[in-house]
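Work through the following exercises with the structure at hand. Each task is followed by a solution in steps.

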Amino acid sequence: MAAAAAGGVGVGADQGVQIHGFRGLRSSGLIPFGRSSRSLAVASSLSSSSVVKPIRPETSEVKRSKVELFKEKSNFLRYPLNEELTSEAPNINEAATQLIKFHGSYQQTNRDERGVKSYQFMLRTKNPCGKVTNRLYLVMDDLADEFGTGTLRLTTRQTFQLHGILKKNLKTVMSTIIKNMGSTLGACGDLNRNVLAPAAPYTKKEYVFAQETAENIAALLTPQAGAYYDLWVDGEKIMSAEPPEVVKARNDNSHGTNFPDSPEPIYGTQFLPRKFKIAVTVPTDNSVDILTNDIGVVVVSDIDGEPQGFNIYVGGGMGRTHRVETTFPRLGEPLGYVPKEDILYAIKAIVVTQRENGRRDDRRYSRMKYLIGEWGIDKFRTVVEHYYGKKFEPFRELPEWEFKSYLGWHEQGNGALFCGVHIDSGRIGGNMKKTLREIIEKYNLNVRITPNQNLILCDIHHSWEEPITVALAQAGLLQPTEIDPLNLTAMACPALPLCPLAITEAERGIPQILKRIRAVFNEVGIENNESVVIRVTGCPNGCARPYMAELGLVGDGPNSYQVWLGGTPDQTSLAKCFTNKVKVQNLEKVLEPLFYSWKSKRLQGESFGSFTARIGFDKLQELVEKWEGPLETA
């Protein structure tokens, strides 16, 4: 392959790293692509860290996870899924269950139904930047009613989820989405997931550029082997033409990144070790939780607002496992800066570094954050530069981050308006669903999904603002000033009854939890216009990003949560676990003393998360243990 030229070429000698080409899937000991095994000798010490690091097995022949074997034998995501879909059974086998994730679906059962497994499937779309055309929204709305549970779910990665699809209807639903210019390809599985970008339809140069870049990255890392179209639309490729720069970057193998004889030039037969998440944004706009992604990309513009290049963060990720201290959430850290014309090549180099070196023996440690945690950022940067073919430039200075919700009415910049609509936990159903459809259909609106599970109605004429506002309000979709601030920033994952990983409630439980927290605020004297960022998940995988919340509730048993504290409203600080096994009925025993202390002892303008970090958990724990209620005032 073209990478042969890399053999024996020293790279980054000033950092003590000698690269002699790559082995391919180093952590598995397997070379399934017909290439020779070459060494990647790195004489770089591991960086120090406060977290406990997973121990990588010493042997060169490491046992691979079962999923790696399924991928290898699948003929690029076809077998045995193609056979399982045609069987009379209501479910599919274990291998097919893993493979269908790459096609955008999870097999589930309704855990509320005891004694019998009622198999069904969840479908997740892929919508870079959260962009949804008018036509696709109406189609998804129809599919939810005809084949699903009658609701649409907006996700924390700017996509739709449809629940309750029966196996016999999968092909009909999938093909309908594809033929209406939608896709579910790569929405799940061990590859790049949906690429986030600010959902606001501003016409400002940097916003448009960020969104175009997100779309190009999504196209670059989309599977190419065709199994998706073979299975769901009988081989008919229904897709728009790709930008030439995307095709050029994908096919470029000047630095040994590709499998030149493979139908998957970037992914090969094994794809990536685990899920991979990317977000693109502009300075100050942290609507995308930029530091929680494997790669965070930030547009850097000149003084005239003309985009010049990108800062790149790497190594973020939320998932962890209870009682396994070697698993942890992690924030991304600066990698460097690249000129705008190089961004696709830099992204590809990072992905290939993870592809070649991420662990494939134990999926708990397969995310890129663990590779960077083990290597340290300097060694990681040097290996990426080998595949990039250049040195990264120094990270450019950025202003402070700010969370932006885009709720309410805003000028787009082209004479039109957009309206951000708050959707509790992203669940669109009932009269709300009917009204949204009527508005979107009547005014022929395109929409966008935000990373906070909300919906933006785009391209609205000024004369439509009043009738749309009235129609939304009649369906209970109020303007942000009329909604409890706790609800505006809260998020929850679906959890029970359909998620197989859920330990306890999240989406179904959060409405009551938020009401109880507001009652605690009232009890301790916190004003109604004050808020904290609250996120609830039914398990430790962190889909609603609870480890960035000021107050994160992470399911750790039936009706029980870990309490995480210390995130900040701008989503730049990692929370820490304050206490475990708090029964949902006992939340006030923990939260009342914490909120009372915040109200009484905070600095001016100090957020709850910053307050808990400043005071320290030892003092807060003592306060909780000794709490007997608020002091009575005369």
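The model is predicted.

**Exercise 1.** Decide whether cysteine 543 is buried, partly exposed or exposed, and find out whether cysteine 543 is in a disulfide.

*Solution.* Step one: the relative accessible area of cysteine 543 is 45%. The range between 20% and 50% is called partly exposed, so cysteine 543 is partly exposed. Step two: the nearest cysteine sulfur belongs to cysteine 493 and is 6.1 Å away. A disulfide needs sulfur atoms within 2.5 Å. Cysteine 543 is in no disulfide.

**Exercise 2.** Do the corresponding check for cysteine 539: which cysteine sulfur is closest, and is cysteine 539 buried or exposed?

*Solution.* Step one: the closest cysteine sulfur is in cysteine 499, 5.8 Å from the sulfur of cysteine 539, which is too far for a bond. Step two: cysteine 539 has a relative accessible area of 10%, so it is buried. Step three: the count of disulfides comes to zero.

**Exercise 3.** Classify the ring pair of tyrosine 406 and phenylalanine 418, and place both residues along the chain.

*Solution.* Step one: the ring centres are 6.3 Å apart, and a pair requires centres within 6.5 Å. Step two: the planes stand at 65°; over 60 degrees counts as edge-to-face, so this pair is edge-to-face. Step three: tyrosine 406 is in the loop between helix 11 (377-388) and strand 10 (408-411), while phenylalanine 418 is in strand 11 (residues 417-421). The two are twelve residues apart. Step four: both are buried, tyrosine 406 with a relative accessible area of 8% and phenylalanine 418 with 0%. Step five: ring pairs link these two residues with Tyr202 and Tyr207 into a cluster.

**Exercise 4.** Classify the ring pair of tyrosine 443 and tryptophan 464.

*Solution.* Step one: the centres lie 4.8 Å apart and the planes are at 45°, so the pair is tilted. Step two: tyrosine 443 is in the loop between helix 12 (430-442) and strand 13 (447-449). Tryptophan 464 is in the loop between strand 14 (455-460) and helix 13 (465-474), and 21 residues separate the partners in numbering. Step three: tyrosine 443 counts as buried at 12% relative accessibility. For the whole structure, a search finds 23 aromatic pairs.

**Exercise 5.** Which residues place a charge over the rings of tyrosine 202 and tyrosine 337?

*Solution.* Step one: lysine 204 lies over the face of tyrosine 202, 4.3 Å from the ring centre. Step two: over tyrosine 337 sits the charged end of arginine 396, at 3.7 Å from the ring's centre.

How values were computed. Residues are numbered from 1 along each chain as its sequence is written. This is a predicted model: local features need pLDDT of at least 70, side-chain atom pairs count only at pLDDT 80 or more; totals for chains, interfaces and linings use all residues. Side-chain values use heavy atoms; hydrogens and water are left out. Rings of Phe, Tyr and Trp (its six-membered ring) pair if their centres lie within 6.5 Å; planes under 30 degrees apart count as stacked, over 60 as edge-to-face and the rest as tilted. Helices (H or I, at least four residues) and strands (E, at least two) are DSSP runs, numbered from the N terminus. Buried means under 20% relative accessible area, exposed over 50%, partly exposed in between (1.4 Å probe, protein chains only). A charge sits over a ring if NZ of Lys or CZ of Arg is within 6 Å of the ring centre and within 35 degrees of the ring normal.
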